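Visitor: I'm new to this one and would like a close look at a single part. Could you walk me through it slowly?

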Amino acid sequence: AQRSASGYQLLGGKYLPSQADVTRMLGYQPWQQPVSIHAANSSARLNHAFSDDWQLRLAAGRSRSVIDDNVAFAYGCFYAAECADGSNPGNYFAPNGDYDIYDYRSPDDTRVGDHARATLDGRFDTGTLSHELSIGIGSFHRTITRSPYVYDYVGTANINDNAPRYFAPSPNQPGNPVRRFDSWQRSVFAMDRMHLGEHWQLIAGGSLVRMNERAWSSSGKLKRSSRLEKLLPQAAVLWQPIAAFTAYASYSEGLSLGMEAPFWTSNDGEFLAPRLSRQLESGVKYRWNDSIDLNAAVFRIHQPYQFAQPDASSAGFTFLQRGEEVHSGVELSANGQLSANLSAIASVSLIQARAHNTGTPSYEGHQVVNVPRLRSSLHLDYQLPSLPTLSLQGGWRYASSNVATADGSVRADAYHIFDAGLRYRGNWQQRSFVVQLGVDNLFNRFYWRDTGSSGGDNYLFPGAPRLARLSVSVAL
């Protein structure tokens, strides 16, 4: 359980808030309760070996979570003076920093997932080829049950308020639980890893997936019923001329659940169809001097683009799936011992993410929301030669400017963040222990860590201020 903190939004949909305060809780009201999540997971597995080369694996499980959402939610400016007449978009903060506060209560948001899987694994040879084969069947059932929520306007505040403005909560109560989403996914799969001599491996296979989905509105009206049958192939080739070097290329397809339309669109609450993703990746892995692991990869991911499209509907937007989102990138990483006392972990990723064929020209031709083009990090750990039980640690994180609107007209600035720490290893009564003190964001820099969307809405989340962490672990 924890209190939920509302994110900021663009002022008038065009400008970043210039005086955001990471210590201020937007929309705080004394009557709001913490958000609570009750989760339980259970699983069972059975392995049976028929011989040294063949075995059967059975697995089943259930995950169940119940979320009680309680938020004094800072959102938009529909009721603020600068937005009530329609001169400014209501789903962003007002140009002067005004924002609406809503009493949002959504109890008993219950999400259940049941899965079962049976796999037969075996090894055998056919001529010069050596095979590692896996075949099986699987089933996954997911449901979402929710109560019709309370989402009522209670008052308007401003991001520059030094003290919170208090308003009375809504007298309304949530309704009775309603099944909102039901999805069955059944599959048959096979995968064969073939060894072609000492240096080559070929992986080929895939799964045949049959998916049945139904989605209902908050009033219980059936909004969508769909069936999908899709073959999802997977393939890869690996070359390992020496033990320290591996090169690979792979292709895979996958299915993910569709997103839910936000309340301010014409199809509020509708779950969109599943998204089919396709991924190509190629890379190399090399272990240098038996102490440093080097990795490089290039990739390209295609998936349908789901977004709120401007239109002539009464809401002005409809949440739909149209066109595709393409992510192309390069990732480089290294980790290991640079010397007897110094170890490092470093990474760099360069990603171009674009939306294509969306039917909305202003949404194309630029980086998509919340995907910085460049990210990099470096973490060092230096063990003091004169005091080997003590290590000095340092870190650096960088992200380039980050798109904050679907049309790419607003970007959050790039940022550099530095971290530092100490780690002490010792023994006490024949038990080893580690004491670690770390300081994140050492210079207390303000930065926007995310410009992402949730439920189709765009939010701005500031990064954490300077934060000290102390931990102690003991080996029992």
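Is Asn357 buried or exposed, and what is its relative accessibility?

Guide: Happy to zoom in, and keep in mind that this is a predicted model. Asn357 counts as exposed, because its relative accessibility is 59% and the cut-off for exposed is over 50%. You'll find Asn357 in the loop between β13 (342–356) and β14 (374–383). Its backbone is worth a look too: Asn357 isn't a glycine, yet its phi is positive, at about 55 degrees. Most residues other than glycine have a negative phi.

Now hop over to another asparagine, Asn441. Here as well phi is positive in a residue other than glycine, with a value near 55 degrees. Asn441 also belongs to a loop, the one between β19 (431–440) and β20 (448–450). Its surroundings are another story: Asn441 has 2% relative accessibility, so it counts as buried.

Speaking of buried residues, let's turn to the nonpolar ones. The largest nonpolar core has 19 residues, and Tyr8, Leu26, Phe93, Tyr99 and Ile159 are those with the most contacts inside it. At least two residues of this core come from each of β2 (54–75), β3 (98–126) and β5 (150–158). Take Tyr99 and set aside its neighbours within four places in sequence: its contacts then include Leu26, Phe93 and Ile159, along with Ala74 and Ala157. Apart from this core lies another, made of 13 residues, including Val35, Leu272, Ala308 and Tyr459.

How values were computed: Residues numbered from 1 in each chain as written. Predicted model: local features only at pLDDT ≥ 70, side-chain atom pairs only at ≥ 80, totals over all residues. Heavy atoms only, no water. Core = buried A, V, L, I, M, F, W, Y, C linked by side-chain atoms within 4.5 Å. Buried < 20%, exposed > 50% of the residue type's maximum accessible area, 1.4 Å probe, protein only. Helix = DSSP H or I, 4+ residues; strand = E, 2+ residues; numbered from the N terminus. Contact = heavy atoms within 4.5 Å.
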